[in-house]
Amino acid sequence: WGEETTLMSLENCKLTYFDLTGGRAESIRLALTIGEIKFEDNRIQFPQWPETKPSTPWGSLPVLELSDGSVIAQQRAILRFVGKQTGL
């Protein structure tokens, strides 16, 4: 991927995690915000988790869906990707 293509894919991405303050997705939310990336903050309720879990890689959250349809899972992988793409 070229840098411009990846940044375009990162724009309007969707971050999915539980609806709670902090947690594994908080650092990703901060990195996206500091990097000035517009994103959808999809916060799911715990009762939704059993129906959502099978559709996630490795049955876990957080998950970042890029605008090109690519999906990245696991907090550190997502954070590293966002950091590299935004120059953090």
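**Figure 1. Strands β1 and β2 in the predicted model.** The structure shown here and in the other views is a predicted model. Strand β1, residues 13–18, runs parallel to β2, and six bridges join the two. One residue to look for in this view is tyrosine 17, whose bridge partner in β2 is arginine 43.

**Figure 2. The sheet, with strands in the order β2-β1-β3-β4.** Four strands make up this open sheet, and their pairing is mixed. The edges are taken by β2 (39–44) and β4 (71–73); each has a single partner strand, so one side of each lacks a neighbour in the sheet. On average, and with direction ignored, neighbouring strands are turned by 20 degrees against each other.

**Figure 3. Helix α4 against the sheet.** Helix α4, residues 75–86, packs on the sheet and touches two strands, β3 (63–65) and β4. The direction of the helix makes about 125 degrees with that of β4.

**Figure 4. Arginine 29 in helix α2.** Helix α2 covers residues 26–34 and includes arginine 29. Is this residue buried or exposed? Arginine 29 has a relative accessibility of 5% and therefore counts as buried, the limit for that class being under 20%. The side chain of arginine 29 makes a polar contact of 3.0 Å with the side chain of aspartate 41.

**Figure 5. The surroundings of arginine 29.** With neighbours within four places in sequence left aside, the residues in contact with arginine 29 are Leu15, Tyr17, Phe18, Leu20, Gly22, Phe39, Asp41 and Arg43. Two of the names in this list, Tyr17 and Arg43, are also the bridge partners of Figure 1. Serine 60 gives a reference point elsewhere in the chain: arginine 29 and serine 60 are 31 residues apart in sequence, and their C-alpha atoms are 17 Å apart in space.

**Figure 6. The protein as a whole, for placing the close-ups.** Four helices and four strands are present, and along the sequence they follow the pattern α-β-α-β-α-β-β-α. The radius of gyration is 12 Å, close to the 12 Å given by the globule rule for 88 residues, so the protein is as compact as a globular protein of that length. The C-alpha trace spans about 40 × 25 × 20 Å along its principal axes. Of the 88 residues, 35% are buried. Among contacts with a separation of 6 or more, 62% are between residues 24 or more positions apart. The accessible surface comes to about 5,400 Å², and carbon and sulfur atoms account for 50% of it.

Conventions: Residues are numbered from 1 along each chain as its sequence is written. This is a predicted model: local features need pLDDT of at least 70, side-chain atom pairs count only at pLDDT 80 or more; totals for chains, interfaces and linings use all residues. Side-chain values use heavy atoms; hydrogens and water are left out. Buried means under 20% relative accessible area, exposed over 50%, partly exposed in between (1.4 Å probe, protein chains only). A polar contact is a pair of N or O atoms within 3.5 Å; within protein, one must be able to donate a hydrogen and the other to accept it, and residues adjacent in sequence count only if both atoms are side-chain atoms. Contact means heavy atoms within 4.5 Å. Two strands pair if DSSP finds at least two bridges between them. Axes are lines fitted to C-alpha atoms, for helices over the stretch in contact, and angles run from 0 to 180 degrees between N-to-C directions. The radius of gyration is taken over C-alpha atoms; the globule rule is 2.2 Å times the number of residues to the power 0.38. Accessible areas come from the Shrake-Rupley method with a 1.4 Å probe; for residues, only the protein chains shown count as cover.
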